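Here are a few notes to go with your first look at this one. Have the view open and follow along.

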Amino acid sequence: MSFFNKLFSREKKESLDQGLQKTKESFLNKIGRAIAGKSSVDTEVLDNLEEALVSADVGVDTTVKIIDRIEKRVSKDKYLGTGELNKILQEEIASLLVDAPDSGFRDFDIPAGKKPYVIMVVGVNGVGKTTTIGKLAYNFKKAGKSVLLGAADTFRAAAVDQLSIWSDRVGVPIVKQAMGSDPGAVAFDTVQSGAAREVDVIIIDTAGRLHNKAHLMDELSKIKRVMKKVLPEAPHEVLLVLDGSTGQNALEQAKHFTATTEVTALAITKLDGTAKGGVVLAIANQFKIPVKYIGIGEKMEDLQVFNKEEFVDSLFSMNG
């Protein structure tokens, strides 16, 4: 069994390496240019490195922390060469991520004693929310869990249709009503049905509403209140889906959502098609909310539980 676990882990790591290829190439090229022709880590190298990190969408606040940490190490060893900078940078980014909150999960599992485990998924349109829900359902089912979907995005006909397609594709049941129905009623029915069926996981989609519309945010609060009538602890998780390819815009969306609703976990999608994967570092460092899932490809297996150590390793690995 341990052999197969190792094999599966190796396959996941290869997918991660491949999914972060564009970010890695861009990131390492920028760092390479920052230290080109330099024999020691001086002020100019640190300035160039700072610029490289910011342009890789690591974000200003996170970049400043990384540069500060490197400066402290350089001040201890005046003869530090640029050859060691890559290793130090990797260590400092890793330690920064280690300081960031962790979901505590290494696979598609649910906490003991929380059944059904209710996940409410939020995020603006176009970030890959419905696809993420479909992939979550697939991976939970693959892990031996029973899953029920709830189509509470009733403002958009396509949203219900898309979730229904994923329901068929993955082979899990769905609770839905006509377009324009009360989203709270759909959420209520879903949780009630899931509890009656004794399913393991309930995943509820919500409207991809604009993050600057306060009254629409109120709708999320209402959905949460309605679910609690059936299951007082629900939702156990509020998962915010962000599009990694939008870089700093994803950071802005996270700020708006976390300020107006209680987000407990983050999923960052579309990292395979962008060189802006550095935004994961910014988001993981800036918010006191764990990055739980990352999307690194089109396949259903390409939604992975975020592993901080493996992410940094893939970002700096020169192979592949």
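Which residues make a nonpolar surface patch of about 210 Å²? Points 2 and onward take that up, after a word on the model.

1. This is a predicted model, where local features need pLDDT of at least 70, side-chain atom pairs count only at pLDDT 80 or more, and totals for chains, interfaces and linings use all residues. Numbering starts from 1 along each chain as its sequence is written, and side-chain values use heavy atoms, with hydrogens and water left out.

2. The nonpolar patch is the work of V54, V60 and V64. Patch residues have over 30% relative accessible area and no salt bridge (a side-chain nitrogen of Lys or Arg within 4 Å of a carboxyl oxygen of Asp or Glu); nonpolar side chains are joined within 5 Å and like charges within 9 Å. Areas are Shrake-Rupley values with a 1.4 Å probe.

3. V54 sits in helix α3 and is partly exposed at 35% relative accessibility. Here buried means under 20% relative accessible area, exposed over 50%, and partly exposed in between. Helices are DSSP runs of H or I with at least four residues, strands E runs of at least two.

4. Helix α3 also holds D47, partly exposed with 46% relative accessible area. D47 joins E51, D68 and E71 in a negative surface patch, to which α3 (43-55) and α4 (60-76) each give at least two residues.

5. Now look at helix α11 (residues 279-286): it is largely enclosed by the rest of the structure, because seven of its eight residues are buried. Those are V279, V280, L281, A282, I283, A284 and N285.

Notes: Lys, Arg positive; Asp, Glu negative; His and termini not counted. Charge placed at Lys NZ, Arg CZ, Asp CG, Glu CD. Buried < 20%, exposed > 50% of the residue type's maximum accessible area, 1.4 Å probe, protein only.
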